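Me: I would like a close look at one part of this model, the metal site, together with the elements that surround it in the chain. Please take me through it in one connected account.

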Amino acid sequence: MKILIAGFQHETNTFAPTKARYEDFINGGGFPPMVRGADLLALRTVNVPAGGFIAAAETQGHELIPVVWAGATPSAHVTEDAYERIAGEIIAAAKRGGFDAIYLDLHGAMVTEHLDDGEGELLSRLRALVGPDLPIVASLDLHANVTEQMLANADGLVAYRTYPHVDMAETGRLAAALLADRVAAGGPLHRAARRLPFLIPINGMCTLLEPARSAYAQLATLETGPVVSLSFAPGFPAADFPECGPVVWGYGRSAEAAAAAVDTLYRQYVAAEPAWAVPFLDPDEAVTQAMRLAEAATRPVVIADTQDNPGAGGDSNTTGLLRALLHHEATDAALGLLWDPEAAAAAHAAGVGATVRLALGGRSGVRSDAPVEGAFTVEHLSDGRTVLEGPMMTGSRVDLGPTAGLRIGGVHIVVASRKAQMLDRNLYRVGGVEPERMKILVNKSSVHFRADFEPIAAAVLVAKAPGPMAADPADLPWRRLAPGMRIRPGGPAFAPQRSAG
Ligand SMILES: [Zn+2]
């Protein structure tokens, strides 16, 4: 086959402050930069879904027609300009024809300035162009908010099964297998889908922990006989539109088999509703609990500073947990990464061993977040370049810009000039901190850090310090959710505010 291939990834937090512009897709942020043509095919060795799809399709002897691959760091809405330019490029390539199938590497939670459902719109524009018979498959992130429009216009959608996402390329391979099954069937597979009636906090979706671990293990168990593919996307619970929420779906060679498998999963997931809730701690509780646990532990206690996770729209510079560490006089504690280019520059100007007076971080604009003012010792300076070695992004090169290891009291802080999620231990080392030697680590991450830090952690706590990314969806000012959707597991149902006229 000749397969048209493109990627367009964005996870949209409609409550976040900054939009994703075309330039943000050119740079990529945490993603590879925008690529076209042969450069897109070079993703075959990278742990992104397109990489796994390309490798599988080439092995199967298919010819790939690369268009464009573009992703940007999670943020508020994608601008209309960025969406129309990138989607327009994909549509223009599709108009030229000359292919037998389409594969798209999508996230599934893209909201734009002018569209609630960026992926559904792209799939429906493509479907209108190629007609009902040409197979279209796409891979999705586990955090996709899967919509009717997406399901109706794709022959197959398949989502990651791990969070931390260590199976991105693997999901691309599953998409290639789903395409092969669709082609072998000679027509569309039967589809079934059901939406769960409650939002799940992203911390509750971690597949290293229950109930998500069993929920995902069950998918593969039921993929037998006429059931071809099953997926569960618990959603991205910070996108204010009516189809935000978890969806389980699947494809089969018989309608009954697909529906039965999806119903079985749906009933299990809904029966486990209380287990999907997350016990959040406030900063004081988290720090005092960590200090108590650390007394008897030989390994660090890790606190997730989840509401400032730059992987979900945070700016990585809130100070709630730093204040709590200082207030409780924690020692052998480290926090990372704190994004503050001015502080990093001041440390570089002063030199190792110097003491600098700083107003560090605290620029989120969130009420009760503020800079921490004080005297900081410069312990370490670097150019911020490192190679990640953890299981999630093994081999990825990271450039944090000028980076400094600062200390105040018993707390070490790795300050970077560029934002990056603390998902790899080398992001501490680049600031001169050996994470294994600390008693307490405060990581600006929600879940991804677990892949590399759980092996060295005595315990992991999840804290809710004031920050831009509400970890508990019940804390968000929803306006447009589906009426009746519970805003947390076991929580109250959303009811739209009646306008005063
Ligand atoms: Zn995700």
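**The zinc site and its setting**

Reply: Along the chain, the donors of the zinc ion are spaced as D-x1-H-x21-H. Within this pattern, D141 sits in the loop between β5 (136–140) and α6 (148–153), and H165 sits in the loop between β6 (156–159) and α7 (168–185), so that a pair 24 residues apart links distant parts of the chain. The model is a predicted one, and the description that follows should be read with that in mind.

The protein donors are D141 (OD), D141 (OD), H143 (ND1) and H165 (NE2), and they lie 2.0 to 2.7 Å from the zinc ion. The four donor atoms subtend angles of 52 to 142 degrees around the zinc ion, and the arrangement is irregular because of these angles. To count as tetrahedral, four donors would need all angles between 85 and 135 degrees. For comparison, the ideal angle for four tetrahedral donors at a metal is 109.5 degrees. As for the setting of the donor residues, D141 is buried, and H165 is buried as well.

The loop that holds H165 leads to α7 (168–185), and this helix can be followed further. The axes of α3 (residues 49–59) and α7 come within 6 Å of each other and cross at roughly 45 degrees, which makes α3 oblique to α7. The crossing of these two helices, α3 and α7, is right-handed.

The loop between α2 (37–41) and α3 contains L43, which has a relative accessibility of 6% and therefore counts as buried, the cut-off for that term being under 20%. Although L43 and A169 are 126 residues apart along the chain, their C-alpha atoms are separated by 9.8 Å.

A second helix pair can be set beside this one. Helix α4 (residues 80–96) packs with helix α5 (residues 118–130) at an angle of about 20 degrees, and their axes are 10 Å apart; α4 and α5 are therefore roughly parallel to each other. The crossing of α4 and α5 is right-handed.

Finally, for the wider frame, the unreviewed UniProt entry places the feature "domain: Microcystin LR degradation protein MlrC N-terminal" at residues 2–291. Over residues 2–291, the chain is 39% helix and 18% strand, with the end C-alpha atoms 59 Å apart.

How values were computed
Residues are numbered from 1 along each chain as its sequence is written. This is a predicted model: local features need pLDDT of at least 70, side-chain atom pairs count only at pLDDT 80 or more; totals for chains, interfaces and linings use all residues. Side-chain values use heavy atoms; hydrogens and water are left out. UniProt positions are given in the numbering used here, feature names are shortened, and annotations may be inferred rather than shown by experiment. Helices (H or I, at least four residues) and strands (E, at least two) are DSSP runs, numbered from the N terminus. Donors are N, O and S atoms within 2.8 Å of the metal (3.2 Å for Na, K and Ca); water is not among the atoms, so sites may look incomplete. Four donors count as tetrahedral if all angles lie between 85 and 135 degrees; four count as square planar and six as octahedral if opposite donors are over 155 degrees apart and all others between 65 and 115; anything else is irregular. Buried means under 20% relative accessible area, exposed over 50%, partly exposed in between (1.4 Å probe, protein chains only). Axes are lines fitted to C-alpha atoms, for helices over the stretch in contact, and angles run from 0 to 180 degrees between N-to-C directions. Angles under 35 degrees count as roughly parallel, over 145 as roughly antiparallel, 65 to 115 as roughly perpendicular and the rest as oblique. A crossing is left-handed if the near helix is turned anticlockwise from the far one by less than a right angle, and right-handed if clockwise.
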